[in-house]
Amino acid sequence: IRDKECTLNLMGMSRGDIAAFEIPEVDWFERMRERLGNESLVFAFAKVAAADEVIQYGCDETAIHRQSTLNQWVRIKNPDGSIETVIIEAVGILVGGTAEVAAHVETTFDRGQELLEKVRVELGPLADELLPLKNGGVNMHKLRTLMHDTCNTANATAREIASLIEKKGKEFFGDGGWDDLPDERKKVLDFLCGNHTRGLPVDAFNRRFERWLDEEHDERFKAAAAASGSHSRLEKSGKSLLRAMSKLVHSGF
């Protein structure tokens, strides 16, 4: 009863409402979480649907506790001319792992279009004013450039997404209509993330330095390990050395 009284006081309800008031169960909060996620997706894709084109689409796959997840975002030009980054999905679960990234992206866009169409039904005559669908609304053919990290999986995913853009374009305009579009309209530009790209020369240096150590000082490393009774850990790899040091000094999860 005391818990209910505290809750009612926070909600501005009177003591007489205690008997009729029921504290939500866990499943209520779970349903609210799902609804909020869908609502967030509607607002994000509403901006995509109202834009003439998507200036840039980006995604990044990463594993969290060995579970593959995906982040998705777009850069769009709003009707007032301002450029905005819109987060579509954060830590989305990839059921099939990295191999299913392109299929997950396609499903996300299809789901976004489906959600908007349901909301437009509820809006009735105000749908075109409040929730316009320009150039097909939430359609992957509107993606003009791609941005991703530098790994082989991301590069392969970008190629698959580019193929999906052409597929969706032909479905929307028809084969002939898509072919008649200017080449610059059908071209999908592919960019690597700058934060990842600047690590490429570092990786190249690490590989060459490790190879040099192997070629020039391999016998010295073996001799040093033998002199210590093979109890010492000698690293030729800069990455392995940093990780070994981190394990020694790190505590906690």
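## Two helices and three positive phi angles

The buried residues of helix α2 pack against β1, β2, β3 (83-93) and α3 (101-123). This is a predicted model, and the report starts with that helix.

**Helix α2**

Helix α2 covers residues 26-50, which makes 25 residues. From its first C-alpha to its last it reaches 37 Å. That is close to the 36 Å expected at 1.5 Å a residue. Which residues of α2 are buried? They are Leu41, Val42, Ala44, Phe45, Ala46, Val48, Ala49 and Ala50. Their packing partners include the strands β1 and β2. Those two strands return below, since a loop joins them in the account of histidine 65.

**Helix α9**

Helix α9 spans residues 200-227. It has a kink of about 80°. The kink is centred on histidine 217. Is His217 in α9 buried or exposed? His217 is buried, along with Asn206, Leu213 and Asp218. The cover over the buried residues of α9 includes α10, residues 238-249.

Helix α9 also holds phenylalanine 205. This residue has a relative accessible area of 53%. Exposed means over 50%, so phenylalanine 205 counts as exposed. Which residues join Phe205 in a nonpolar surface patch? The others are Phe209 and Trp212. The patch made by these residues has an area of about 330 Å².

**Positive phi angles**

Just after α9 comes glycine 229, with a positive phi of about 75°. Histidine 65 also has a positive phi, although it is not a glycine. Asparagine 135 is another residue other than glycine with a positive value. The table sets out the angles.

| Residue | Phi | Place |
|---|---|---|
| Glycine 229 | about 75° | just after α9 |
| Histidine 65 | about 55° | loop between β1 (54-64) and β2 (67-77) |
| Asparagine 135 | near 55° | loop between α4 (127-130) and β4 (145-148) |

How accessible are the two residues that are not glycine? Histidine 65 has a relative accessibility of 65%, so it counts as exposed. For asparagine 135 the value is 38%. Partly exposed lies between the buried limit of under 20% and the exposed limit of over 50%. Asparagine 135 therefore counts as partly exposed.

**In brief**

Helix α2 reaches close to its expected length, and its buried residues pack against strands and a helix. Helix α9 has a kink at histidine 217 and contributes Phe205 to a nonpolar surface patch. Histidine 65 and asparagine 135 both sit in loops.

Note on methods
Residues are numbered from 1 along each chain as its sequence is written. This is a predicted model: local features need pLDDT of at least 70, side-chain atom pairs count only at pLDDT 80 or more; totals for chains, interfaces and linings use all residues. Side-chain values use heavy atoms; hydrogens and water are left out. Patches are made of residues with over 30% relative accessible area and no salt bridge: like charges are joined within 9 Å, nonpolar side chains (Val, Leu, Ile, Met, Phe, Trp, Tyr) within 5 Å. Accessible areas come from the Shrake-Rupley method with a 1.4 Å probe; for residues, only the protein chains shown count as cover. A salt bridge is a side-chain nitrogen of Lys or Arg within 4 Å of a carboxyl oxygen of Asp or Glu. Helices (H or I, at least four residues) and strands (E, at least two) are DSSP runs, numbered from the N terminus. Buried means under 20% relative accessible area, exposed over 50%, partly exposed in between (1.4 Å probe, protein chains only). The bend at a residue is the angle between axes fitted to the seven residues ending there and the seven starting there. Contact means heavy atoms within 4.5 Å. The expected span of a helix is 1.5 Å times one less than its number of residues.
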